[in-house]
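Thank you all for coming; I would like to walk you through a structure that may be new to most of you. Please have a look at the sequence and the model first.

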Amino acid sequence: MTRPDGLGDLIQDPDETIRRMDDWAAGFAAKAERYQAAQEETERLRLTATSSDGAVSVTVGADGTVTDLTFSNKVKSFPLEELSRQILTTMRRAQSGIADRVAGVMAEQLGDEDRETRGALLDSLRGRFPDPDEPDEQPPVPPAPVPPAPSGGAAASPAPGTPTTPPRRPTAADDEDNNPW
């Protein structure tokens, strides 16, 4: 018989109530252990990518931080701009695999448990570490060419529709406050 407060049979059989609470607590403890194991395994994840020419290798952890960076002798002849580009590109390639690897750990440790939570976490990782080989949504727009100053030393007038703003003079507050916000 169900009572108005919804407790029904639980009040009538305290032993059954205790057994159900023990089952719930044991289930909760087992779930906590699975999540702990998933977290520990995720923290041990390392993903490595190597540049196409083998000059740069970057290893990242599951949080995207670089844990190792190695160079072959090929980089000795690289211009610094090329070396920087290769490091960043290779790092992004390593990071792009994070979501899939974390998904594998979660599937192994948690099965089908908490699909919503898993989906939100993996969507967040995919947003933070997208596939670097996919093209950007919008290609960067190159800056408009600056017309040369006319001869005679007069300054060129800005193109029509170009807003003109006078240069800002620093104030005393600028010198005292280094807050970037």
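I will go from the overall fold to the largest pocket, then to the salt bridges, and end with a patch on the surface.

Before that, please keep in mind that this is a predicted model, in which local features need pLDDT of at least 70 and side-chain atom pairs count only at pLDDT 80 or more, while totals for chains, interfaces and linings use all residues. Residues are numbered from 1 along each chain as its sequence is written, and side-chain values use heavy atoms, with hydrogens and water left out.

Let me begin with the fold. The protein chain has six helices and three strands, where helices (H or I, at least four residues) and strands (E, at least two) are DSSP runs numbered from the N terminus. Following the sequence, we meet these elements in the pattern α-α-β-β-β-α-α-α-α. The chain has 181 residues, of which 22% count as buried; here buried means under 20% relative accessible area, exposed means over 50%, and partly exposed is in between, with a 1.4 Å probe and protein chains only. Its accessible surface comes to about 14000 Å², and 56% of that belongs to carbon and sulfur atoms, the areas being computed by the Shrake-Rupley method with a 1.4 Å probe, with only the protein chains shown counting as cover for residues.

Now to the largest pocket. A pocket, on a 1 Å grid over the protein atoms alone, is an open set of points with protein on both sides within 12 Å along at least five of seven lines, and lining residues have an atom within 4 Å of a point. The lining here consists of 17 residues, and those nearest the centre of the pocket are Ala38, Gln39, Thr42, Glu43 and Ala62. Which helix gives the most to this lining? That is H2, with five residues, although helix H2 (14–44), helix H4 (98–110) and helix H5 (115–128) each supply at least two.

Let me turn to the charged side chains. Side chains of opposite charge can pair when their charged atoms come close. The structure holds eight salt bridges, a salt bridge being a side-chain nitrogen of Lys or Arg within 4 Å of a carboxyl oxygen of Asp or Glu. One of them joins aspartate 114 and lysine 31, at 3.3 Å from N to O. Since aspartate 114 lies in the loop between H4 and H5 and lysine 31 in helix H2, the pair ties together parts that are 83 residues apart in sequence. Aspartate 114 is partly exposed, at 27% relative accessible area, and lysine 31 is partly exposed at 27% as well.

Another salt bridge stays within one helix: glutamate 82 and arginine 85 meet at 2.6 Å, N to O, and both lie in helix H3 (residues 80–95), three residues apart, about one turn of the helix. Glutamate 82 is partly exposed at 24%, and arginine 85 is partly exposed at 44%.

In a further pair, arginine 115 and aspartate 112 have their closest N and O atoms 3.3 Å apart; arginine 115 is exposed at 59%, and aspartate 112 is exposed at 58%. Elsewhere, Glu16, Arg19, Arg20 and Asp23 are joined into one network by salt bridges that share partners.

Finally, phenylalanine 71, in strand S3 (residues 66–71), is partly exposed, with a relative accessible area of 41%.

Conventions
On a 1 Å grid over the protein atoms alone, a cavity is a set of points where a 1.4 Å probe fits but cannot get out, and a pocket is an open set with protein on both sides within 12 Å along at least five of seven lines; lining residues have an atom within 4 Å of a point.
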